[in-house]
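Biologist: I am new to this structure and should be grateful for a close look at one part of it, the surroundings of the ligand. Please then place that part within the protein as a whole.

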Amino acid sequence: MLRILCLALCGLLTGSRADPGAQLRLGMDIMNHEVQSAMDESHILEKMAAEAGQPRPGMKPIKGIKDVKVKDVLTPVITLNVVPGEGIFQCVSTGMTITGKSFMGGNMEIIVVLNITATNRLLQDEETGLPTFKSEGCEVILVNVKANLPSNMLPKVVNKFLDSTLHKVLPGMMCPAIDEVLVYVNKKWANLYNPGPVGQFGTVKYLLASVPTPTASNIQVDFSPEVQKQGGSAIEIADGQTLELPEGYAEGSSQLLLSAAFLTAELTLLQKSFDVKIKDKKIGKLPQTTKTLADHIPAVAEAYPKPKPLVTQIKINKPPKVTMKMGKSLLHLHGTLEIFVARRRGKPVSLFLLEVHFNLKVQFSVRKNQLHMTTSFNSLLSLSRESSSIGNFNEKDLTDYITDYLQEGYVPKVEDVLQVGLPLPDFLDMNYNLAVLDVAENTLVLDLKLN
Ligand SMILES: *[C@@H]1O[C@H](CO)[C@@H](O)[C@H](O)[C@H]1NC(C)=O
């Protein structure tokens with residue numbers, strides 16, 4: 001008994017523990033577009049019309065009618081609605097003209113308007129683990145039947161025709177069409193699990209965290225992304241952040257949400273590249289020499305009476321961290337900043353080493369279907385002296401100097417590194433370049449737009 005209870009509880013706990021690092025809210029705007037283009041791509045209606053003329057099982061020859069043909073299949077109107085907990089209710093309204101010849105002469109024409117309905121569920125394919133649509137409960141509803149008959153044709157024959165042919169044959173003819181269209185839609189999930197490169201640094205895979213859930217206005221697809229270092233281990237995504245979509249997004253619209261924790265894990269791939277050594281650089285108009293530094297710390301002038309060039313080394317010793325509040329995102333960097341005096345011969349001599357924590361303001365954008373970040377210096381949060389070869393000094397006197405230095409010397413180097421884009425989930429041929437971005441609590445929102 002206890003074991004059963006634990007199994008149930010533990011199942012629940014593991015099921016609800018991990019916060020998705022990314023979430024797709026798939027609205028009916030995108031789904032409509034997808035289904036419509038899949039219908040076009042699959043040429044399904046032409047195929048149906050061609051097939052309809054063929055004799056098929058269950059279709060008894062109709063007494064008194066020959067040369068039965070289907071023509072003028074109407075362009076279908078597709079309506080999709082999410083049914084919470086169920087899936088997408090799909091209705092394809094279309095029509096066609098059935099023609100034939102009476103044996104006694106004269107042309108027969110029947111115009112049929114019909115709805116094909118089914119529920120499409122987004123499941124997880126057992127073999128590939130990929131999201132996949134499957135339709136259930138397909139039905140054909142005759143909306144309207146109008147017959148144009150030669151006067152010598154008996155209504156009884158026509159009724160028999162409608163009964164035996166339309167009611168029996170149409171579902172068998174139309175329902176496979178729904179499935180075939182879904183094959184085309186499903187193909188567009190096939191690349192989802194291909195690792196997307198983060199430059200040369202590593203890869204990201206958007207794995208499904210659970211079976212997608214239909215909610216009142218969209219299908220929610222939770223991802224637990226896998227961030228993998230090049231030739232190394234996976235980087236863990238910190239738990240404990242919930243994704244948040246602010247109010248004000250249109251009903252039925254689609255969004256991709258990325259958590260700050262996930263972006264942090266991606267930037268951890270770049271951590272080593274944020275280490276830099278800078279020399280021969282002017283900050284403002286001033287060259288980097290002991291003389292410039294001596295304006296802030298007089299002890300430098302005592303140790304080096306003649307101006308000597310400086311070399312600065314910045315090492316980031318903690319994973320970079322992204323934080324997000326309504327409308328503002330910051331990139332936090334912790335590390336050491338060491339200033340050396342360059343010598344004509346031999347190794348540079350360390351002047352001092354400071355422990356620094358500063359942050360940069362981040363601006364997100366999408367280019368070439370990848371997420372990009374640009375940064376600008378925001379603030380120096382802490383500065384403490386770890387070692388010095390010129391004796392004690394108050395590191396606070398260096399605040400302006402270090403701030404200028406980070407702003408003008410370091411941020412451009414960070415920008416160079418951030419030239420690599422971050423991959424976005426590849427599904428349904430999504431064009432992210434049109435997305436409108438917004439920063440919410442711990443969440444980057446990409447409001448997805450169609451072409
Ligand atoms: C057929 O589908 C259309 C469009 O979804 C809908 O307006 C209409 O009520 C449906 N008719 C029937 C008989 O189900």
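Modeller: In this predicted model, the ligand is surrounded by Thr 79, Cys 91, Ser 93, Asn 115, Ile 141 and Val 143. These shell residues comprise 3 nonpolar and 3 polar ones, with no charged residue. Polar side-chain atoms approach oxygen atoms of the ligand at several points. For Asn 115, a polar side-chain atom is 2.4 Å from a ligand oxygen. The corresponding distance from a polar side-chain atom of Thr 79 to an oxygen of the ligand is 3.2 Å, and for Ser 93 a polar side-chain atom likewise lies 3.2 Å from a ligand oxygen. Taken alone, the ligand has 360 Å² of accessible area, of which the protein covers 44%. Two elements contribute two or more residues each to the shell, namely strand E4 (87-102) and strand E6 (131-148).

The protein to which these strands belong contains 8 helices and 24 strands. Its radius of gyration is 33 Å, whereas the globule rule gives 22 Å for 451 residues; the value is well over that expectation, so the protein is more spread out than a compact globule. Along the principal axes, the C-alpha atoms occupy a box of roughly 120 × 60 × 40 Å. Of the 451 residues, 47% count as buried. The surface that the protein exposes amounts to about 23000 Å², and carbon and sulfur atoms supply 53% of it. As for contacts between residues at least 6 apart in sequence, 68% of them join residues that are at least 24 apart.

Several other places in the chain can now be set beside the ligand shell. A first example is helix H5, which spans residues 260-268. In this helix 9 of the 9 residues are buried, so H5 is largely enclosed by the rest of the structure. The buried residues of H5 include Phe 262, Leu 263 and Leu 267, together with Thr 264 and Glu 266.

Leu 256 belongs to strand E13 (residues 254-259). With a relative accessible area of 0%, Leu 256 is buried. Beyond the residues up to four places away in sequence, Leu 256 touches Gln 23 and Leu 24, and also Leu 424, Pro 425, Tyr 432, Leu 444, Val 445, Leu 446 and Leu 448. By contrast, Gly 231 is 25 residues from Leu 256 along the chain, and the C-alpha atoms of these two residues are separated by 29 Å.

A buried histidine may be considered next. His 332 is found in strand E19 (residues 328-341). Its relative accessible area is 15%, and the limit for a buried residue is under 20%, so His 332 counts as buried. The side chain of His 332 makes a polar contact of 3.0 Å with the side chain of His 357. If residues up to four places away in sequence are not counted, His 332 touches His 357, Phe 358 and Asn 359, as well as Pro 320, Lys 321, Thr 323 and Leu 381.

Two loop residues merit attention for their backbone angles. Most residues other than glycine have a negative phi. Asn 369 has a positive phi, near 60°, although it is a residue other than glycine. Asn 369 is placed in the loop between strand E20 (349-367) and strand E21 (370-388), and at 28% relative accessibility Asn 369 counts as partly exposed. Leu 428, which is not a glycine either, has a positive phi of about 45°. The loop that holds Leu 428 runs between strand E22 (422-423) and strand E23 (436-440). Leu 428 counts as buried, at 2% relative accessibility.

A final loop residue is Ser 210, between strand E8 (202-205) and strand E9 (213-214). Ser 210 counts as partly exposed, with a relative accessibility of 31%. Once its neighbours within four places in sequence are left aside, Ser 210 is in contact with Gln 124 and Asp 222. Ser 210 and Leu 170 are 40 residues apart in sequence, and their C-alpha atoms are 36 Å apart in space.

To return to the part requested, the ligand is set among 3 nonpolar and 3 polar residues, with strand E4 and strand E6 each giving two or more residues to the shell. This shell lies within a protein that is more spread out than a compact globule.

Notes
Residues numbered from 1 in each chain as written. Predicted model: local features only at pLDDT ≥ 70, side-chain atom pairs only at ≥ 80, totals over all residues. Heavy atoms only, no water. Near = heavy atom within 4 Å. Polar contact = N/O pair within 3.5 Å; in protein donor to acceptor, adjacent residues only side chain to side chain. Areas by Shrake-Rupley, 256 points an atom, 1.4 Å probe, with all protein chains shown as cover. Helix = DSSP H or I, 4+ residues; strand = E, 2+ residues; numbered from the N terminus. Nonpolar A, V, L, I, M, F, W, Y, C, P; charged D, E, K, R; others polar. Rg over C-alpha atoms; globule rule 2.2 N^0.38 Å. Buried < 20%, exposed > 50% of the residue type's maximum accessible area, 1.4 Å probe, protein only. Contact = heavy atoms within 4.5 Å.
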